[in-house]
Every structure is written in structure tokens, then in C-alpha cells.
Amino acid sequence: MKVLVVGGGIAGPTLAYWLKRSGHEPTLIERSPALREGGYPVDFWGSGFEVADRMGILPRLMDEGYRVREVREVSASGRRIAHMDP
Ligand SMILES: Cc1cc2nc3c(=O)[nH]c(=O)nc-3n(C[C@H](O)[C@H](O)[C@H](O)COP(=O)(O)OP(=O)(O)OC[C@H]3O[C@@H](n4cnc5c(N)ncnc54)[C@H](O)[C@@H]3O)c2cc1C
């Protein structure tokens, strides 16, 4: 079946991948003219982790990702005020 998938965020390409794997013909469209190049850290856990594993992209994500050891709030002078172990 031909399927139009709207949106190239995390959900759209994932859906298109699985549709294609199950024999459909997805077309993915995105209104933004280009990829965001600035980068932004995202937490990655739970079912998203499981889906990425099933897609075989987990090793690449682990390679590219950061391991956050601590999240800190600091004062203007740089002194640690509060922290969290992620
Ligand atoms: C500040 C912030 C921080 C976040 N941090 C995290 C985090 O650390 N970890 C985490 O798991 N989640 C995080 N989230 C939530 C996460 O970003 C969203 O849950 C996720 O991006 C949703 O993915 P999506 O593909 O459904 O939607 P989106 O990422 O919003 O993608 C939708 C896409 O569809 C496109 N689109 C929309 N309408 C049309 C149209 N009519 N035609 C064509 N294209 C269209 C948009 O341009 C967009 O690219 C954060 C969200 C925010 C705002």
C-alpha cells in the first residue's frame, strides 16, 4: 500500500522504516527546508531505546551519544549548588 507519512521528526522516519519493512511503499514529506544543524542533547530511554535496537541503529547511537555523568546547577561563580545523578 502507498502511504504518505507527514513529518521528518523522530516519529515519521521511524514509521516509514517499519512500513517499508512490512512491504508498504511510504513517502515521507517534511515542511522544513533543511535539517537542523545546531544539535541538541536529548535523553534517550525506554521504548525508544527498544525500537532503535530492533532497527539495528543502537550501536551507532551509542557511538555518537554522550554519557552524562552528572547534571549540575552552578552559581555565577561556578560553585555547584545542586546536582542530579542521571
Ligand atoms: C525543549 C524540548 C526538549 C525535549 N527533550 C526531549 C528529550 O530529552 N528526550 C525525549 O525523548 N523527548 C524530548 N522532547 C520531546 C520530543 O522532542 C518529542 O516527543 C519528539 O520530537 C516528537 O517527535 P515527532 O516526530 O512526533 O514530532 P516532531 O519532532 O515535532 O516532528 C514533526 C515534524 O513534522 C513536520 N511537520 C509538521 N507539520 C507538517 C506538515 N503539514 N507538512 C510537512 N511536515 C510537517 C515538522 O516540521 C517536524 O519536523 C523534548 C521536546 C522539547 C520541546
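Let's start with Y17, which counts as partly exposed, at 27% relative accessibility. Keep in mind that you're looking at a predicted model. W18 falls into that class too: its relative accessible area is 29%, so this residue is partly exposed.

What do Y17 and W18 form? If you look at their rings, you'll find an aromatic pair, with 5.0 Å from centre to centre and 85 degrees between the planes. That makes the pair edge-to-face, because the label applies to planes over 60 degrees apart.

The count of aromatic pairs comes to 2, so where do we go next? To F44 and F49, whose ring centres are 5.3 Å apart. Their planes sit at 40 degrees, so this pair is tilted. As for accessibility, F44 has a relative accessible area of 39% and is partly exposed, while F49 comes out at 31% and is also partly exposed.

Now over to the ligand. There are 13 residues around it, and G7, I10, A11, E30 and D43 come nearest. By type, the shell splits into 6 nonpolar, 4 polar and 3 charged residues.

Which backbone atoms should you zoom in on? I10 has a polar backbone atom 3.0 Å from an oxygen atom of the ligand. At D43, a backbone N or O atom lies 2.7 Å from a ligand oxygen. With R31, the partner on the ligand is a nitrogen atom, 3.1 Å from a backbone N or O atom of that residue. How much of the ligand does the protein cover? On its own, the ligand has 1,000 Å² of accessible area, and the protein covers 44% of that.

Conventions. Residues are numbered from 1 along each chain as its sequence is written. This is a predicted model: local features need pLDDT of at least 70, side-chain atom pairs count only at pLDDT 80 or more; totals for chains, interfaces and linings use all residues. Side-chain values use heavy atoms; hydrogens and water are left out. Rings of Phe, Tyr and Trp (its six-membered ring) pair if their centres lie within 6.5 Å; planes under 30 degrees apart count as stacked, over 60 as edge-to-face and the rest as tilted. Buried means under 20% relative accessible area, exposed over 50%, partly exposed in between (1.4 Å probe, protein chains only). A residue is near a molecule or strand if one of its heavy atoms lies within 4 Å of it. A polar contact is a pair of N or O atoms within 3.5 Å; within protein, one must be able to donate a hydrogen and the other to accept it, and residues adjacent in sequence count only if both atoms are side-chain atoms. Accessible areas come from the Shrake-Rupley method with a 1.4 Å probe; for residues, only the protein chains shown count as cover. Ala, Val, Leu, Ile, Met, Phe, Trp, Tyr, Cys and Pro count as nonpolar, Asp, Glu, Lys and Arg as charged, and the others, Gly among them, as polar.
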